[in-house]
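Please read these notes with the model open beside them, and follow each point on the structure as you go.

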Amino acid sequence: YVIDRMLVRGVWKAMTGPVHESARPQSAWALRAMAAHKNAIENLVVFAPAVLAATALQISTPVSRWAAIAYFWARALHYLVYTAGIPVVRTLAFLVGAVANLAIILTVFGWV
């Protein structure tokens, strides 16, 4: 969406500081990319502490390793399909990421 902002507002205006979002609207795909980015940050708030806790407690199981891998690829896919505007795949990718997060948390608590 930064590239879109440069195309819509110009390179200099995009790089010189914040501009009110209503100044020049972004393309639909760029707005979806911004929403996907925000969603990724919101989900990272759960994932990062879970992985850091597992690391600090020296917990590494096949479940936690596969869950971390699944989380990464699910979130990458989620970003791409969200930006492309593909709704069903977006939901499924989100669900895989959420289940992977849950698996890591359950592993930290010793429940898996």
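The points below deal with the core, the aromatic pairs and one partly exposed residue.

1. This is a predicted model, in which local features need pLDDT of at least 70 and side-chain atom pairs count only at pLDDT 80 or more, while totals for chains, interfaces and linings use all residues. Residues are numbered from 1 along each chain as its sequence is written, and side-chain values use heavy atoms, with hydrogens and water left out.

2. The largest nonpolar core (buried Ala, Val, Leu, Ile, Met, Phe, Trp, Tyr and Cys residues joined through side-chain atoms within 4.5 Å) has seven residues, including Phe47, Tyr71 and Ile104. At least two residues of this core come from each of α3 (28-56), α4 (62-84) and α5 (87-108), the helices being DSSP runs of H or I with at least four residues, numbered from the N terminus.

3. Phe47 and Tyr71 are both buried, that is, under 20% relative accessible area, where over 50% is exposed and anything in between partly exposed (1.4 Å probe, protein chains only). Their rings are stacked, at 3.9 Å centre to centre with 5 degrees between the planes; rings of Phe, Tyr and Trp (its six-membered ring) pair if their centres lie within 6.5 Å, and planes under 30 degrees apart count as stacked, over 60 as edge-to-face and the rest as tilted. Because Phe47 lies in helix α3 and Tyr71 in helix α4, the pair ties together parts that are 24 residues apart in sequence.

4. Phe72 and Trp73, by contrast, are both exposed.

5. Leu44, in helix α3, counts as partly exposed because its relative accessibility is 45%.
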